[in-house]
Amino acid sequence: MRIPRVLLIILALAIALVGCREASRDPSLASPVSTPTGPDDWVLVQEARAAYRASDFARALELARRAAAANPDNNTAWELYRQASIAQAADEYLRTLPAHRYRLSVEEFIRDRVNHSREWFVVDVREPQEFAAGHIEGAINIPLSELLRHLDELPDGRTAPILLYCHSQRRSTHALVVLHELGYLRVYHLEGGYAAYVDWRTHNPSPTPGPTPTPAPEEPDLGC
């Protein structure tokens, strides 16, 4: 799965803040005194590059940090530190991503509604004109570009089941990553998007309530 650009931007901003805090605490990083480039920091840079190529991002991050501390003017060390930080966070995200990638099928969603087995808070992240042309009943419209400005419209707390959708699942994927990074634990997106929803409703009769339990997506470990 390719990391959405919005995730990299969020991670980069977070890393910049961390770097500022470290610099304020560590005089060797914050010192304005220029130190001539010596062999020690470049040896660390080469070791950090080797660790990065071997996908040992934690070691690459530590080696790059030490290189930057040894010589704050070594821009290569700082760039390696930034890249290793992003790679480490992205690797952790991908390794813990469930096989279903937080997708909910249209049929499961409709059966949930019919059986009242799970009350989804539904968010349409398409543009207002798309929403006006047709949407899932009960959904609220928060365009993807405005998502972070309307977090107050989402349910209180971070464990309410939230279902995102767009036209074909692309925009909702970006929204999903952002909300997960913000700590919302039960956020899913509709598999196939609104197009799949319309297609299913067109070719299938509405299910009736019944005792058969609705298949549920794997719940995240709330103890993490």
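Buried means under 20% relative accessible area, exposed means over 50%, and partly exposed lies in between (1.4 Å probe, protein chains only). Before we start, note that this is a predicted model: local features need pLDDT of at least 70, side-chain atom pairs count only at pLDDT 80 or more, and totals for chains, interfaces and linings use all residues. Residues are numbered from 1 along each chain as its sequence is written, and side-chain values use heavy atoms, with hydrogens and water left out.

**Exercise 1. The overall layout**

Task: Describe the secondary structure of the protein chain and say what share of its residues is buried.

Solution:
- Step 1. Count the elements: the chain has 9 helices and 5 strands. Here helices (H or I, at least four residues) and strands (E, at least two) are DSSP runs, numbered from the N terminus.
- Step 2. Put them in sequence order, which gives α-α-α-α-α-β-α-β-α-β-β-α-β-α.
- Step 3. Look at burial: 39% of the 224 residues count as buried.
- Step 4. Turn to contacts, meaning heavy atoms within 4.5 Å. Among those with a separation of 6 or more, 71% link residues 24 or more positions apart.

**Exercise 2. The sheet**

Task: Work out the strand order of the sheet and find which strands lie at its edges.

Solution:
- Step 1. Recall that strands of a sheet pair through backbone hydrogen bonds, either parallel or antiparallel. Two strands pair if DSSP finds at least two bridges between them.
- Step 2. Follow the pairs across the open sheet of 5 strands, and the order reads β1-β5-β4-β2-β3, with parallel pairing.
- Step 3. The edge strands are β1 (103–104) and β3 (140–141), each of which pairs on one side only.

**Exercise 3. Strand β4 and its neighbours**

Task: Find the bridge partners of Y165 and L164, and decide whether the β4 side chains are buried or exposed.

Solution:
- Step 1. On one side, β4 (residues 162–165) is joined by 4 bridges to β2 (residues 121–124), and the two run parallel. Y165 in β4 stands opposite D124.
- Step 2. With β5 (residues 187–190), β4 shares 3 bridges, again running parallel. There, L164 has H189 as its bridge partner.
- Step 3. From β4, I162 and L164 point one way while L163 and Y165 point the other way, and all are buried.
- Step 4. Trace the chain onward: β4, helix α8 (residues 170–181) and β5 make a right-handed β-α-β unit. Right-handed means that, with the strands pointing away from the viewer, the path from the first strand over the helix to the second runs clockwise.

**Exercise 4. Checking a helix**

Task: Test whether the span of helix α4 agrees with its number of residues, and list its buried residues.

Solution:
- Step 1. The expected span is 1.5 Å times one less than the number of residues.
- Step 2. For the 14 residues of α4 (residues 57–70), that should be 20 Å, and the end C-alpha atoms are 20 Å apart, which agrees.
- Step 3. The buried residues in α4 are F57, A60, L61, L63, A64, A67, A68 and A69.

**Exercise 5. Salt bridges**

Task: For R111, R118 and R171, name each salt-bridge partner and the N to O distance.

Solution:
- Step 1. Apply the rule: a side-chain nitrogen of Lys or Arg within 4 Å of a carboxyl oxygen of Asp or Glu. The count comes to 7 salt bridges.
- Step 2. R111 pairs with E107, the closest N and O atoms being 3.3 Å apart. The two are 4 residues apart in helix α6 (residues 106–115), so about one helical turn separates them.
- Step 3. R118 pairs with D112 at 2.9 Å. R118 counts as buried at 14% relative accessibility, and D112 is buried at 1%.
- Step 4. R171 meets E130, also at 2.9 Å, N to O. E130 lies in helix α7 (residues 128–133) and R171 in α8, so the pair ties together parts that are 41 residues apart in sequence. E130 is partly exposed at 24%, as is R171 at 25%.

**Exercise 6. Positive phi**

Task: Locate S55 and Q169, and decide for each whether it is buried or partly exposed.

Solution:
- Step 1. S55 is found in the loop between α3 (39–53) and α4. Its phi is positive, about 65 degrees, although S55 is not a glycine.
- Step 2. With a relative accessible area of 49%, S55 is partly exposed.
- Step 3. Q169 sits in the loop between β4 and α8. Its phi is near 95 degrees, a positive value in a residue other than glycine.
- Step 4. At 16% relative accessibility, Q169 counts as buried.
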